[in-house]
Structures are given as structure tokens and as C-alpha cells.
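Welcome, and please take a moment with the sequence and the model before reading on. The notes below walk through it piece by piece.

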Amino acid sequence: MQSARLRYEPLGPDNLDDFHRLVQDAHVRRYMMDGNVFPLAWSAQHMRDSQALFERRGVGIWLGRETTSGELVGFCGFAMLSSLPEPQLLYAMFERFGGRGLATEMARAAIAQARAQPGFAEIAADVDEVNAASVRVLDKLGFERVEVRQGAFGHLLVFRLASPELERAGGTIHGAATPPGRTSA
Ligand SMILES: CC(C)(COP(=O)(O)OP(=O)(O)OC[C@H]1O[C@@H](n2cnc3c(N)ncnc32)[C@H](O)[C@@H]1OP(=O)(O)O)[C@@H](O)C(=O)NCCC(=O)NCCS
């Protein structure tokens, strides 16, 4: 997978150490892991989960590197997290790469991959409201807020990106398109 400034590789044994370096980074884990530092075994479990999700749904976690320098930037993709019943969009990077539109670029690349698979008419994401840059990334991508929950840092916003067909038809992602048991905002 490739985007304008980045190339991507699926998370696997060869880049597990790079992934572990990212999830230990204070900027990355501040909201994403509620600030926690986890051992290598935690990262290895996420690698196995990502490999299984690639098998099952055609998406998982990719590591993103700058095409020009080969430098590790961050990761993006999808994972099954406890907060939502379907694979959820993720993106994170070392702080020094921030403010250049790279998270938006990574998220767009991951969404394009998901859209090429069955079962991703809608894309799910959630983000802590205080994580304003991440909320802005989802807004820029066209996500809509469908629910507000209580998270570790106050409001946790649940977002959905409608299918292109639904958008073209002028539909909304509230109501019928919202999974059972979930209340639209
Ligand atoms: C949050 C994060 C993904 C943003 O990455 P990034 O590459 O800087 O994001 P982008 O440049 O693509 O877009 C950020 C947008 O937020 C805006 N922004 C930045 N800080 C902001 C703030 N404090 N308040 C409001 N908007 C802010 C930027 O101006 C930009 O919007 P613009 O393009 O309209 O100017 C990155 O800092 C990160 O990896 N954080 C740690 C992991 C994480 O929290 N991931 C999200 C959870 S899934």
C-alpha cells in the first residue's frame, strides 16, 4: 500500500519492534492507550490480532514510513477494540511528524483499503473529545458523530463514515444505518 508521501507494510514479526516503539511513545499512548505502557507481549498479541483480521476481513494494522527517507512515521489501519463491535479505524504517529496532514493521509489510505473489501460500507472510529487534532482528522475525512460515551478522559465520541453510495443518495448515517443497540447522537 502506498500514498503520496508514505509507504505501508502490514504489521508482522519483521516490524514488531518498530510497532512496539510506537506504542511506547508518550505522544502515541497518551489517549490511545490511556497513557499506559505495555510490554512487548501486548504488542505481539496486537500483531497476531492484526494478522487474523487481515485473513478474515482484508485489513489490519500497517506501519507507515516516509517514502523518501524510509523513516518510521506511525501506524494506521483497523483493529477490533472492546469499545465497538466492528473493526475500528486507528492512526498514530510520532509527534515530530504531526501538523503535516500525515494522519489524514494515513487514514485515507486505510479507508481506501477497507472500501475495497466487503463489509466496510460504513467505517467506525472513536476518539476522546479532548484529542482535538484527532477529532479534526475525522471531521476532515467526512466522519459524522453518532454517539457520545463516557471515556477515560471525559467524552468519547463515536464516529461513522457513511458509504459513498449513501452519501451520494443524500442519506444520513443515523437511524437505520446505526448498528442495533446503539443510540444515535
Ligand atoms: C492526533 C494525530 C493523529 C494528528 O496527526 P497529524 O498528522 O498532526 O494530523 P493532520 O495534520 O492530518 O490533521 C490535524 C488537524 O488538526 C488540527 N489541529 C491540530 N491541533 C489541534 C488542536 N489542538 N485543536 C484543534 N485542531 C487541531 C490541525 O490544524 C489539522 O487540521 P487542518 O488540516 O484543518 O489544519 C497525531 O497527533 C497522533 O498520532 N496522536 C497520537 C495518537 C492518537 O491520538 N491517535 C488518534 C486516536 S485513533
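Where is the place of Asp18? Asp18 sits in helix α1, and the model it belongs to is a predicted one.

## Asp18 and its surroundings

Let us stay with this residue for a moment. Asp18 counts as partly exposed because 15 other C-beta atoms lie within 10 Å, a number that falls between the limits of 12 or fewer for exposed and 20 or more for buried.

Leaving out residues up to four places away in sequence, Asp18 touches Leu63 and Leu72. The C-alpha atoms of Asp18 and Val73 are separated by 9.9 Å, although the two residues are 55 apart along the chain.

## The overall layout

Now for the wider view. The protein chain holds 6 helices and 7 strands. Read from the N terminus on, its elements follow the order β-α-α-α-β-β-β-α-β-α-β-β-α.

The protein chain has 185 residues, and 28% of them count as buried. Among contacts in the protein chain with a separation of 6 or more, 57% join residues 24 or more positions apart.

## Where α1 meets α3

Two packed helices are described by the angle between their axes and the distance between the axes. Here, helix α1 covers residues 16-24 and helix α3 covers residues 40-57; their axes come within 10 Å and cross at roughly 115°. The crossing of α1 and α3 is right-handed.

Which residues in α1 and α3 meet? On the α1 side they are Leu16, Phe19, His20 and Val23, and on the α3 side Leu40, Ser43, Ala44 and Met47. By class, this contact of α1 with α3 has 6 nonpolar and 2 polar residues, with no charged ones.

## Phe54, also in α3

Helix α3 is home to Phe54 as well. Why does Phe54 count as partly exposed? Phe54 has 18 C-beta neighbours inside 10 Å, and therefore misses the 20 or more that a buried residue needs.

Not counting residues up to four places away in sequence, Phe54 touches Pro10, Val59 and Gly60. Between the C-alpha atoms of Phe54 and Ala79 there are 9.8 Å, with 25 residues separating the pair along the chain.

## The nonpolar core and Ala107

In soluble globular proteins, nonpolar side chains tend to be buried together. In this model the largest nonpolar core has 40 residues, and those with the most contacts inside it are Met106, Ala107 and Ala110. Helix α4 gives the most to this core, with 8 residues.

Ala107 makes a good example to look at, and its place is in helix α4. Is Ala107 buried or exposed? Ala107 is buried, because 25 other C-beta atoms lie within 10 Å. Setting aside neighbours within four places in sequence, Ala107 is in contact with Cys76, Leu89, Tyr91, Val137 and Leu141. One of these partners, Cys76, is 31 residues from Ala107 in sequence but 6.4 Å from it in space, C-alpha to C-alpha.

## Around the ligand

How many residues are around the ligand? There are 23, and those that come nearest are Gly98, Ala103, Thr104, Ala132 and Arg136. The elements giving two or more residues to this shell are α2 (26-32), β4 (88-93), α4 (102-115) and α5 (132-141).

Helix α5 gives the most to the shell around the ligand, with 5 residues. By class, the shell residues divide into 13 nonpolar, 8 polar and 2 charged.

## A backbone detail at Asp34

One last stop concerns backbone geometry. Most residues other than glycine have a negative phi, and most peptide bonds are trans. Asp34, a residue other than glycine, has a positive phi near 50°.

Where does Asp34 lie? Asp34 is found in the loop between α2 and α3. Asp34 counts as exposed because it has 11 C-beta neighbours inside 10 Å, and the limit for exposed is 12 or fewer.

Key. Residues are numbered from 1 along each chain as its sequence is written. This is a predicted model: local features need pLDDT of at least 70, side-chain atom pairs count only at pLDDT 80 or more; totals for chains, interfaces and linings use all residues. Axes are lines fitted to C-alpha atoms, for helices over the stretch in contact, and angles run from 0 to 180 degrees between N-to-C directions. Helices (H or I, at least four residues) and strands (E, at least two) are DSSP runs, numbered from the N terminus. A crossing is left-handed if the near helix is turned anticlockwise from the far one by less than a right angle, and right-handed if clockwise. Two residues are in contact if their C-beta atoms, placed from the backbone, lie within 7 Å. Ala, Val, Leu, Ile, Met, Phe, Trp, Tyr, Cys and Pro count as nonpolar, Asp, Glu, Lys and Arg as charged, and the others, Gly among them, as polar. A residue is near a molecule or strand if its C-beta atom, placed from the backbone, lies within 6 Å of it. A nonpolar core is a set of buried Ala, Val, Leu, Ile, Met, Phe, Trp, Tyr and Cys residues joined through C-beta atoms within 7 Å.
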